[in-house]
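Trainee: Please choose one part of this model and take me through it closely, in one connected account.

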Number of protein chains: 2
Amino acid sequence: MDTLLIVKIGGNIIDDEQKLSAFLDLFAKVSRQNSTVLIHGGGKLATRLAQDMGVQQQLIDGRRITDAETLKIVTMVYAGYINKNIVAGLQSRGCNAVGLTGADGNALLAHKRPLKNNIDYGFVGDVDQVHAAFLNGLLSSGHTIVLAPITHNGEGQLLNTNADTIAQETAKALSVFYNVSLVYSFEKAGVLLDANDDATVIPEITPAAFRELKEGNKIFAGMIPKLENAFAALDNGVKKVIIGKAEELERLVAGTSGTTIVND
Amino acid sequence: MDTLLIVKIGGNIIDDEQKLSAFLDLFAKVSRQNSTVLIHGGGKLATRLAQDMGVQQQLIDGRRITDAETLKIVTMVYAGYINKNIVAGLQSRGCNAVGLTGADGNALLAHKRPLKNNIDYGFVGDVDQVHAAFLNGLLSSGHTIVLAPITHNGEGQLLNTNADTIAQETAKALSVFYNVSLVYSFEKAGVLLDANDDATVIPEITPAAFRELKEGNKIFAGMIPKLENAFAALDNGVKKVIIGKAEELERLVAGTSGTTIVND
């Protein structure tokens, strides 16, 4: 099977024009050697636009609620502005990108998140199904897919969806067709022994090493759910999960930078 | 060759939720029998958003200038909000829609319009090339394409582009693969002998009939450039151009409503 790289970038890249441009250079370069999917999060533009439009951001327990106005804003910003500028940027670098949401080609079907502790998070989607054959059709004809973090419920409702989850579900589904490496770009150099020291990056984590790190309390608590998700992806067909800096994309892919998470 | 319907809808449909919903019902229905492309214009949402954001619309000689802020807004509204809501609406009606701009898959390559009479219209694109093979790949795998009126220049710049022009260029390019009928939805029932009376619609116009109508001054002057464009499309491979009400889509396609423009 061919290798497929699925790369998720976060707001720290998207919000910084120079960082984004440098990242797209790297991404276009690795796209010459591999099939690729890019998944982007939101960044601060949606928040700024909401302010400009006088839309109050609702927070419950520190979590943002996607009400109808917020959904409109994130659809405009994520699926419109960010997605299409990334696509045009990749096209200008010789990378034949196609930008999609989960509604396009029914790529990602989701359902509105049910109430939790009586809290309605609004138009937030949890992914039910990835239409891997449609995505593979585009990939196998030489396209790079750029996914915005918006899905749909099949009944006409768009839904705001976590980009990390989209990356993971897409990686699992495309493992039927490819040897998938899932790259999460991150502000830190990888999984660190000392959260304040980029030099303490752990190059490889296997399930056995993960148990040891957890038992020895050697790992930052916030990383544990991320690593558990990574192992869940590996258990569902993904070959490698790589965590590290977007600026080091080529070295992440080569395994000479960041943290690679693999099964034994 | 199979038949392909390319339908352009304007702001009067997009701005009215009920009209849009009724139109999508009809469009999904005709998509069961034919390959289809839908091209949507903008509507008033972009103007309202610009007002909410405090962006002044620049007009020169009554024509809107697409400055950088306006381009950002139309990209958000056309490629994000409108395009993705139409796609989700079609998906919910069993029509496997994929929403694209001209940047996606390099579908429509354009150049920034040169200065005219020393006026810079800003980030407005004139279409150079339609990547018909890419669009045909999606169509022949059973997808409906929903095009937003945004193109790119291949150098990373998105461009605001007239939806009528996109419809016409796409129709010409896809004539290599299909018998294309190009449908322009319109507020009137078709080309009228009396602009105020929908009962005076002319069912068919051939080049000979067009000459006669022009010579007899029997046709509203504003229609002449539209008809000239229609004949130009026919001269470039398009089989029929149909002008009429979106609400009558099925009858337009069947030739029992609206005006059908054909070569002799």
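Mentor: What follows is a close look at the sheet of chain A and the helices beside it.

The model is predicted, so that local features need pLDDT of at least 70 and side-chain atom pairs count only at pLDDT 80 or more, whereas totals for chains, interfaces and linings use all residues. Residues are numbered from 1 along each chain as its sequence is written, and chains are lettered from A and ligands numbered from 1 in the order in which they are written.

In chain A, 8 strands make up an open sheet of mixed pairing, in the order β5-β8-β2-β1-β11-β13-β14-β12. Helices (H or I, at least four residues) and strands (E, at least two) are DSSP runs numbered from the N terminus, and two strands pair if DSSP finds at least two bridges between them. The edges of this sheet are β5 and β12 (204-205) of chain A, and because each has a single partner strand, one side of each is left without a neighbour in the sheet. At the β5 edge, β5(A) and β8(A) run parallel and are joined by 4 bridges, and here A:V98 stands opposite A:I145 in β8(A).

Among the helices that lie across the sheet is α2 (residues 17-33) of chain A, which crosses β1, β2 and β8 of chain A and runs at about 150 degrees to β2(A). Such angles run from 0 to 180 degrees between N-to-C directions, with axes fitted as lines to C-alpha atoms, for helices over the stretch in contact; two residues are in contact if their C-beta atoms, placed from the backbone, lie within 7 Å.

Helix α5 (residues 132-140) of chain A has A:F134, A:L135, A:L138 and A:L139 as its buried residues; a residue is buried if 20 or more other C-beta atoms lie within 10 Å of its own, exposed if 12 or fewer, and partly exposed in between, with C-beta atoms placed from the backbone. These four cover an arc of only 135 degrees around the axis, so they sit on the same side of α5(A), the arc being that of the directions from the helix axis to the C-beta atoms. The buried residues of α5(A) pack against β1 (3-9), β2 (35-40), β5, β8 (144-147) and α6 (163-174) of chain A, while the face of the helix turned away from that buried side carries the exposed residues A:A133 and A:S140. Just after α5(A), A:G142 takes a positive phi of about 90 degrees.

Turning to the strands that lead to the other edge, α8(A) lies across β11 (179-185), β12, β13 (240-244) and β14 (259-261) of chain A, running at about 45 degrees to β14(A). Within α8 (residues 223-235) of chain A is A:L234, which is buried because 21 other C-beta atoms lie within 10 Å. Leaving aside residues up to four places away in sequence, A:L234 touches A:V241, A:I261, A:V262 and A:N263. For A:L234 and A:N263 the separation is 29 residues in sequence, with 6.7 Å between their C-alpha atoms in space.

The edge strand β5 also has a part in the meeting of the chains, where the contact takes 34 residues from chain A and 34 residues from chain B. On the side of chain A that touches chain B, α4 (68-92), β5 (97-100) and β9 (150-152) of chain A each supply at least two residues, and α4(A) gives the largest share, 14 residues.
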